[in-house]
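This report describes the fold of one protein chain, moving from an enclosed strand to the sheets, the aromatic pairs and the chain as a whole. The structure is shown here for reference.

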Amino acid sequence: MDIALQISEELNIKKTQAESAIKLIDEGNTIPFIARYRKEVTGSLNDEVLRELFERLNYLRNLEEKKVSVITSIEEQGLLTDELKDRISNAKTLIAVEDLYRPYRPKRRTKATIAKEKGLLPLAQLILKQDPNISLLEEASKYIDIEKGVESSESALEGASDIIAEIISDNATYRTNIRKISFESGNIVTAAKDEEASSVYEMYYNFKEPVKKIASHRILAINRGEAEKFLTVKLEAPMDEIMHYLYKEIITSDNKNTKQFLENTIDDSLKRLIMPAIEREIRNTLTETASDGAINVFSKNLNQLLMQPPISGKVVLGWDPAFRTGCKLSVVDETGKVLDTTVIFPTAPQNKVEESKKVVKELIKKYNVNLISLGNGTASRESEQIIAEIIKEIDADVKYIIVNEAGASVYSASKAATEEFPNYDVGQRSAISMARRLQDPLAELVKIDPKSIGVGQYQHDMNQKKLDDALSGVVESCVNKVGVDLNTASASLMEYISGINATVAKNIVAYREKNGRFTSRNELLKVSKLGPKAYQQCAGFMRINNANNPLDATAVHPESYSAVESLFTLLGLSKNDIKPGHLSGIKAKITDLDDVASQIGIGVPTLTDILDELEKPARDPRADMPGAILRSDVLEIKDLKVGMILKGTVRNIVDFGVFVDIGVHQDGLVHISQITDRFIKHPLDVVSVGDIVDVKILDVDVDRQKISLTMKLNENASPQSAFKPSKTSKHNNKREQKNNRSHKPNKNSSKKGLTLGDLVGKIEL
């Protein structure tokens, strides 16, 4: 197989682009480096295409290795023909190779192998010839051998039938066609193991859907229901159609001596050998496809979450709410430095509201706090009410934001958190995380296992290695797209930079602590275990503010510095002009990009990137993303009315819809049918995590804490700008505790009292 040609056809790119990208990958270059700094070589392939290319490259290389091993194995058995070798060599998938290898694969002792040991293979071959002049019983009697265990003609025919059944089962063409028929015309059928049992899988207690139409999220839900022993699942294949196909292929003559025998044998082969394997294969394919889709959604959600714009220049009070153990507070300055930490007890059982208010007011006044970042975990509702009251009672411009605290407890108890904050306890670290993930979501969230961030669907039901690889790729892409400040970035952040691993990242921090701030990118070469290759990969993504060379603060790679100097000479500029706003019109000064690129010795794509960077030095790509909604008062679910229009933030996207935070602690669901008037295949076609959207209330179920929303607003409707929430009612603690018990709250959940999986399950299932 010409792998480069195959990839170019699959990805709709030129073969030369595929060849160049493969060569760069084989040379040890990372995807972010290739995407950013080797555009001339690859024809400007972007990060997403390169990652897909890398995945296909690995698959196709594994496929070629499998072909070689299969051909070698068959050849060693002395059974390889030119035709078989060609069929294996031209196979496009691993399944196709496995089908062709099946007859030659070393088998455990089967009914057929036992029958062959009894010398019954010639009888089976004779029957398959369907000679009308033979009598089965007469021919079978010739194979009676008491010593071999063939005691009668019937026993011989039974053994011959087992051999023929396996021959039919091992036929690659039959399997391919049966698999296709089953996929095109089959159904997935589920039933309850116990119809009286109550579960979130009740819609699947008597369920049937065509294989080719069943949605990915339903496949994952069914798999989970089966694993939890609520459901039985089977493939309902069109057996009559399959039987007819096999009869037509195998029974080549209307021979009364062999026809009924072969029909019975085909039936046995199909039910005993073929269909159980086909069912496993189809279900595995459905699961793999569903998992890939879920991983894709998770990856896009994570990308959008990590690329949310930072809120810079603010002193933030992080608030990690809790009942019994109290609310942990942490104040961090504009750079994320911890200024103060404390614990207050405004909620049950202590209910020290006034005392807690006094502490918070003193912190706000002492440190000029601008924002309060409130985690959305247990006791968040009660904490929000107190924060809203504090804001009303003080003479200061303070707002609050409810942040998703998913993963905060995982991080605060981790080794990384212990190393970063050795003098703080778990609760204090969590509060610090609340504040910092508002100031710079990317820098803070990279410290957490991506699977714990809570923007996925059924993440525990899929291939974990594949999920880890995909999510790590997303984090790597985001970090390199933004770049890092070499003098302030944590080791956790820098280890995602192109060419840098965890050990080198720690060495960079150690070098910085020992020798002071970096003043030049070239200093990186002095860091232990950071050699020339790693430097080439990472340098462009490392930024140094107030460096000796102003270009060190930009995304311009050091290998292009001489080209920039030549460019400045052509345009009569100097490096001192590299300041925000000073070179905003530099592109307009160049009328012929090809000519200038040729004069300074670089390609047009690199020149274009350099000009973009010089016009807006060290520009943060996250600046284009929608900002967070700042709040100063409380909205409760009981305040919502059908038809009300509110602004909200997209928190999570799944196959069947979008979860939107409208400020009431329970995210509302916009079903995919309510996102837009036009047909869409997936919510990601229209919205992204972090988007600020207008939504209208369709339905509110206070008891079940469910909110149904629509983004299809009536033309005559107007935003509820004058909405005033009612005064907070006293919560019934017993009812609250009952709700918490029934929903099994998870500190890392993105929903109150419900894990994301639970919420998805309850709404979709």
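## An enclosed strand and its partner

Strand β8, which covers residues 399–403, has four of its five residues buried, so β8 is largely enclosed by the rest of the structure. The model is a predicted one, and every value in this report is to be read with that in mind. The partner of β8 is strand β7 (residues 371–375), and the two strands run in the parallel sense, joined over five bridges. Within this pairing, Ser373 is the residue that stands opposite Ile401 of β8. The connection between the two strands leads from β7 through helix α17 (residues 380–393) to β8, a β-α-β crossover that is right-handed.

## An open sheet and a barrel

Strands of a sheet pair through backbone hydrogen bonds, and the pairing can be either parallel or antiparallel. An antiparallel case is the open sheet of three strands, whose order is β2-β1-β3. Its edge strands are β2 (206–210) and β3 (231–236), each of which pairs on one side only, and the twist from one strand to the next averages 15 degrees. Strand β1, made up of residues 187–192, pairs with β2 in the antiparallel sense over five bridges, and here Thr190 has Phe207 of β2 as its bridge partner. Helix α15 (residues 259–306) packs on this sheet, where it touches β1 and β3, and the direction of α15 makes about 110 degrees with that of β3.

Elsewhere in the chain, five strands close into a barrel with mixed pairing, in the order β11-β12-β13-β15-β14. In the barrel the twist averages 50 degrees from one strand to the next. Strands β11 (residues 645–654) and β14 (residues 692–701) pair in the antiparallel sense over five bridges, with Thr649 opposite Ile692 in β14.

The strand pairs named so far are set out below.

| Strand pair | Sense | Bridges | Residues facing each other |
|---|---|---|---|
| β1 and β2 | antiparallel | five bridges | Thr190 and Phe207 |
| β7 and β8 | parallel | five bridges | Ser373 and Ile401 |
| β11 and β14 | antiparallel | five bridges | Thr649 and Ile692 |

## Aromatic pairs

A pair of aromatic rings is described by the distance of the centres and the angle of the planes. With ring centres required to lie within 6.5 Å, the count comes to seven aromatic pairs. One of them joins Tyr204 and Phe207, which are arranged edge-to-face, with 5.0 Å from centre to centre and 75 degrees between the planes. Tyr204 has a relative accessible area of 0% and is therefore buried; Phe207, at 12% relative accessibility, also counts as buried because the cut-off for that class is under 20%. Phe207 is thus a residue with two roles in this account, as the bridge partner of Thr190 and as the ring paired with Tyr204. Ring pairs also link Phe33, Tyr37 and Phe541 into a cluster.

## The chain as a whole

The chain has 30 helices and 15 strands, and its C-alpha atoms fill a box of roughly 105 × 75 × 55 Å along the principal axes. Of the 765 residues in the chain, 51% are buried. Among contacts between residues at least 6 apart in sequence, 67% join residues at least 24 apart. The accessible surface of the chain comes to about 36,300 Å², and carbon and sulfur atoms account for 48% of this area.

Note on methods:
Residues are numbered from 1 along each chain as its sequence is written. This is a predicted model: local features need pLDDT of at least 70, side-chain atom pairs count only at pLDDT 80 or more; totals for chains, interfaces and linings use all residues. Side-chain values use heavy atoms; hydrogens and water are left out. Rings of Phe, Tyr and Trp (its six-membered ring) pair if their centres lie within 6.5 Å; planes under 30 degrees apart count as stacked, over 60 as edge-to-face and the rest as tilted. Buried means under 20% relative accessible area, exposed over 50%, partly exposed in between (1.4 Å probe, protein chains only). Two strands pair if DSSP finds at least two bridges between them. Axes are lines fitted to C-alpha atoms, for helices over the stretch in contact, and angles run from 0 to 180 degrees between N-to-C directions. Contact means heavy atoms within 4.5 Å. A crossover is right-handed if, with the strands pointing away from the viewer, the path from the first strand over the helix to the second runs clockwise. Accessible areas come from the Shrake-Rupley method with a 1.4 Å probe; for residues, only the protein chains shown count as cover.
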